[in-house]
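Please describe this chain for a reader at the bench. Cover the overall layout, the sheet, the packing around the sheet and a few single residues.

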Amino acid sequence: WAGLLGIDIRQDIIGIDDNFFELGGHSLKATIMISVIHKTFNTKLPLGELFKHPSIRKLSNYIRITAPDKFKTIKAVEKKEYYTLSSAQKRLYILNQMEEKSTGYNIPGVFLLEEELHPVRWEDVFRKLINRHESFRTSFLTVEEEPVQRIHDNVEFEIEYYDLGNREELRPPASSLMLESIIKNFIRSFDLSRAPLLRFGLMPIENKSLLLLVDMHHIISDGLSVRILQKELAALYTLEEFPPLRLQYKDYSEWQKKEENKTRLAQQESYWLNEFT
C-alpha cells in the first residue's frame, strides 16, 4: 500500500484496519492494487469487493477463503496490419460513429511550466513520446464490418503555437478572455481514422513561463495514462532515457479476445440479454 499510495512508512504507519480509500486510494489506484494482488496471491479480486473489504485485515480474510485464480501474463503479439479493439475501445468507437464531431470524449489538460519556449527541444520530446507509445500512432477504421486499430510506424505531427502578445489592450481581464478562447478552440473533435489522436500546444506567457496544452481522445487514453504522460514528458525534457516498453495496448486488446476470456464474456452477454428482456 505504501508504494501505491505514496506513503513514507519511515514516518507514517499503515494499520491493518486502515481504510484504503481514506488513505488516498481511488478507483485507478484500486485497479493497480487488484492486479498486484492477483499476481502475488493468485487471487482475483473484483473491484466491488475492494469497496466491501477496504482494510488489510478484511482483504487478507477474503484472499484466504477465495478459490485460487492463477495469474497469467499478457504476451506481446506478432506484427499485423490490423489489431482487434478492446471492449472499451469498441464502445468509444461506436459512440464516435453516432456523433463524430463531439468533444465529449476528449481528455484535455493545461499545465503551467516554469520554462522558456525552446521549440526544437519540445519537438524532440513530443516525437520521442509518440515513438515510444503505439497508442499515439494508432488510428481506427472498419474492416469487413468489424472495427479495428492500425499501428503506424510514423505519423505526421505539428506543435500548435499560440501567443497572447504584449499589447496594452490585452491586460487582465482581456488577456484572460483571450486565453480562455484559445483553450476552447484548441479542444476540437478528432477524426479516429487519422493518427495521432492527440495534439500539443505551447503558449509563452509572462515571467518566462509556458503553458502546455494537451488534448487526447479517450479511445487511446484514460486517467492513469495522463499521469504517465505527465511523468514521461517531464523526464524526457530533462533528457532522461527510458527502456523500450515490453507491452503495448494492442497486446492487451488481443489478449482480451482469446479463448480463455470468451466464457466470461459469454456469461456477461447472457446476463445483459436477460436484463434487457
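The report below moves from the whole chain to its sheet, its cores and selected residues.

## Overall layout

This is a predicted model. The chain holds 10 helices and 6 strands. The C-alpha trace spans about 70 × 60 × 40 Å along its principal axes. Of the 277 residues, 35% count as buried. Among contacts with a sequence separation of 6 or more, 68% link residues 24 or more positions apart.

## The sheet

Four strands form an open sheet in the order β1-β6-β5-β4, and the pairing is mixed. β1 and β4 stand at the edges with a single partner strand each, so one side of each lacks a neighbour in the sheet.

Strand β6 covers residues 209-217. Which strands does β6 pair with through 8 bridges? One is β1 (residues 106-113), which is joined to β6 by 8 bridges and runs antiparallel to it. The other is β5 (residues 198-205), also antiparallel to β6 and also joined to it by 8 bridges.

Some of the bridge partners in β6 are listed here.

| Residue | Bridge partner in β6 |
|---|---|
| L112 | L211 |
| I205 | S209 |
| P204 | L210 |

β5 and β6 form a hairpin with 3 residues between the strands. In this hairpin, N207 takes a positive phi near 60 degrees.

Is β6 mostly covered or mostly exposed? It is mostly covered, with 9 of its 9 residues buried. In a regular strand the side chains alternate between the two faces of the sheet. In β6, one side carries S209, L211, L213, D215 and H217. The other side carries L210, L212, V214 and M216. Both faces are covered, and the residues on each are all buried.

## Helices across the sheet

Two helices that lie across strands of this sheet are α6 and α8. Helix α6 (residues 119-132) lies across β1, β4, β5 and β6. Its direction is at about 160 degrees to β5. Helix α8 (residues 223-237) lies across β1, β5 and β6. It runs at about 140 degrees to β6.

## Nonpolar cores

In soluble globular proteins, nonpolar side chains tend to be buried together. In this model the largest nonpolar core has 32 residues. Which of its members touch the most others? They are F126 and F200. Several elements supply at least two residues each to this core: α5 (87-98), α6, β5, β6 and α8.

F126 has a broad list of partners beyond its neighbours within four places in sequence: F157, I159, F200, L202, L212 and L233.

There is also a second, separate core of 12 residues. L5, A30, L50 and L59 are among its members.

## Helix α4 and its buried face

Helix α4 spans residues 56-65, and its buried residues are L59, Y62 and I63. Seen down the helix axis, these buried residues fall within an arc of 100 degrees, so they line one face of α4. On the other side, R64 and I65 are exposed. What do the buried residues of α4 pack against? They pack against α2 (27-41) and α3. L59 thus appears twice here: it is one of the buried residues of α4, and it belongs to the second core.

## Two single residues

E160 lies in strand β4 (residues 160-161). Its relative accessible area is 18%. Buried means under 20%, so E160 counts as buried. The side chains of E160 and Y162 are joined by a polar contact of 2.6 Å. Leaving out residues up to four places away in sequence, E160 touches F186, R188, R199, F200, G201 and L202. F200 and L202 are also among the contacts of F126.

G48 is found in helix α3 (residues 47-52). Its relative accessible area is 38%. The partly exposed class lies between the cut-offs of 20% and 50%, so G48 falls into it. G48 and K257 are 209 residues apart in sequence. In space, their C-alpha atoms are 23 Å apart.

Note on methods: Residues numbered from 1 in each chain as written. Predicted model: local features only at pLDDT ≥ 70, side-chain atom pairs only at ≥ 80, totals over all residues. Heavy atoms only, no water. Buried < 20%, exposed > 50% of the residue type's maximum accessible area, 1.4 Å probe, protein only. Pairing = 2+ DSSP bridges. Polar contact = N/O pair within 3.5 Å; in protein donor to acceptor, adjacent residues only side chain to side chain. Contact = heavy atoms within 4.5 Å. Axes fitted to C-alpha atoms, helices over the stretch in contact; angles between N-to-C directions. Core = buried A, V, L, I, M, F, W, Y, C linked by side-chain atoms within 4.5 Å. Arc of directions from axis to C-beta.
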